[in-house]
Amino acid sequence: MPQSKALLTLAMLAASLAPVAPAVAQEQRVDAEYTAKIKEYLQDSRITTELVDHLPASSTVPTPLKFLGRVVGMPGELTYAKDIQRYFEALDKASPRVTTWKIGTTEEGRDIVLLAVADEATIRNLEKYKGMLASLTDPRKTTEEQARALIKTAKPIYYITSGMHSPETGGPEMLMELAYRLAVEETPFIQGIRSNVITFITPVLEVDGREKVVDTYYFNKKRPTGEARLPVMYWGKYVQHDNNRDGMGQFLQLTRAVTRTVLEWRPTILHDLHEAQTYLYASTGTGPYNEQLDPITINEWWMLAENDVMEMTKRGVPGVWTYGFYDGWVPNYMFFIAHSHNSVGRFYEVQSYGPDNYVVRPGATTTSREWFRPNPPLPSINWGPRNNTNIQESAILFALSHVGKNRELYLENY
Ligand SMILES: [Zn+2]
């Protein structure tokens, strides 16, 4: 049976590390209205998994539908960063498993925020867990023996960021639903994530740009058919796409906010969401890898990406792949802030959210079956914002679950 060495290694590691047993699942109702809309908006029945084909109901925590009046992935709609942040505040208020705070102020004076979600006891003791990661960070203060003990009690922080490139609109939308799901769902899978990982989410890094992109979308939507559309003239106050080339320069407020957060909390993994490839690309890159990267980091890139590809492929979702697109050399990307502080940085490139439905017809060089693309993108598929939500929310949940099951490994590597 053909199986890559990386997958074998992963399977052996998974078998050798006993995961922390999740609590017994409770019966939980499904939000029928929300779930029906997920099905209605999905443009292709292959782009789904059991993790995102429904939304659990809650009598206390508002869904995006209840709060915004629509589900995540509705064609023709985008959400302002200020409303995403208001939703995060509502989750914080309604759920003891969620807390949210401000991590920076943009060039134009808007808030950059962070939401943390984990089980209730972990959120209550967040400062304690921060202290454990701080101790693991500093071998001048922490002995090898103390570190060995801490690895058993500390929890990895998996920090998800999005909305750096403002026209890449889907990550910030999806992260509202992910935050809700992580806070309320009572399946063993989600409970396992909640009790073993502290998930951090910054839904929009380039807050100034997000508001301009949403303004422009709705301005154009109101234009009569056949009239010219206004392009997005600019998004960040000073910088557009190169806001992801500031990891070393530290010129922009978004970069400084992430750096401060990394230095304060020592997240184990920093995962940035983008939209510039077919279906879903999980970063590893082709090499040559930067020689300053810790060799273990490269192993972790591959373990995480192969886990994403394998779990999605196992469920028949086409077009989840790794290896190409990026080389792994240039160290000025924002997520390299993690690499320069012993952590792991990674990213997804997801097929665009839209938010209007469209057809994707990639060329033959993208649809061929390859070792890094075992179930390639199709010659043609109907796409839309719900496809984008389903594919990246599923993959990131598999990544969170994998890190939860292997939490001691990731902390030891750190
Ligand atoms: Zn991007």
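Reader: Is His-165 buried or exposed in this structure?

Author: In this predicted model, His-165 counts as buried, because its relative accessibility is 4%. Glu-168 has a relative accessible area of 10%, under the 20% limit, and is therefore buried as well.

Reader: Which atoms are the protein donors of the zinc ion, and how far from it do they lie?

Author: The donors are ND1 of His-165, two OE entries from Glu-168, and ND1 of His-274, and they lie 2.1 to 2.4 Å from the zinc ion. Read along the sequence, the donor residues follow the spacing H-x2-E-x105-H.

Reader: How should I read the angles around the zinc ion, and what arrangement do they make?

Author: As a general guide, four tetrahedral donors would ideally have angles of 109.5 degrees at a metal. Here the four donor atoms around the zinc ion subtend angles of 57 to 150°, and the arrangement is therefore irregular. To count as tetrahedral, four donors would need all angles between 85 and 135 degrees.

Reader: What is the crossing angle of helix α8 and helix α9?

Author: In general, two packed helices are described by the angle between their axes and the distance between the axes. For helix α8 (residues 170-184) and helix α9 (residues 188-196), the axes come within 8 Å and cross at roughly 90°, which makes α8 roughly perpendicular to α9.

Reader: Which residues of α8 and α9 meet?

Author: From α8 there are Arg-181, Leu-182, Ala-183 and Val-184, and these meet Ile-190, Ile-193 and Arg-194 of α9. The residues of this contact divide into five nonpolar, no polar and two charged.

Reader: Where are the peptide bonds that are cis?

Author: The general background is that most peptide bonds are trans. The bond from Gly-287 to Pro-288 is cis, with omega near 0°, and Pro-288 is found in the loop between β6 (280-282) and α12 (295-314). A cis peptide bond also joins Gly-354 and Pro-355, where omega is about 25°, and Pro-355 has its place in the loop between β8 (344-350) and β9 (358-360).

Reader: Which residues other than glycine have a positive phi?

Author: As a general rule, most residues other than glycine have a negative phi. Tyr-323, although not a glycine, has a positive phi of about 80°; Tyr-323 lies in the loop between β7 (320-321) and α13 (336-339), and its relative accessibility of 27% makes it count as partly exposed. Asn-342 likewise has a positive phi, near 75°; its place is in the loop between α13 and β8, and at 48% relative accessibility Asn-342 counts as partly exposed.

Definitions and conventions
Residues numbered from 1 in each chain as written. Predicted model: local features only at pLDDT ≥ 70, side-chain atom pairs only at ≥ 80, totals over all residues. Heavy atoms only, no water. Axes fitted to C-alpha atoms, helices over the stretch in contact; angles between N-to-C directions. Helix = DSSP H or I, 4+ residues; strand = E, 2+ residues; numbered from the N terminus. Parallel < 35°, antiparallel > 145°, perpendicular 65-115°, else oblique. Contact = heavy atoms within 4.5 Å. Nonpolar A, V, L, I, M, F, W, Y, C, P; charged D, E, K, R; others polar. Donors = N, O, S within 2.8 Å, 3.2 Å for Na, K, Ca; no water. Tetrahedral: all angles 85-135°; square planar, octahedral: opposite > 155°, others 65-115°. Buried < 20%, exposed > 50% of the residue type's maximum accessible area, 1.4 Å probe, protein only.
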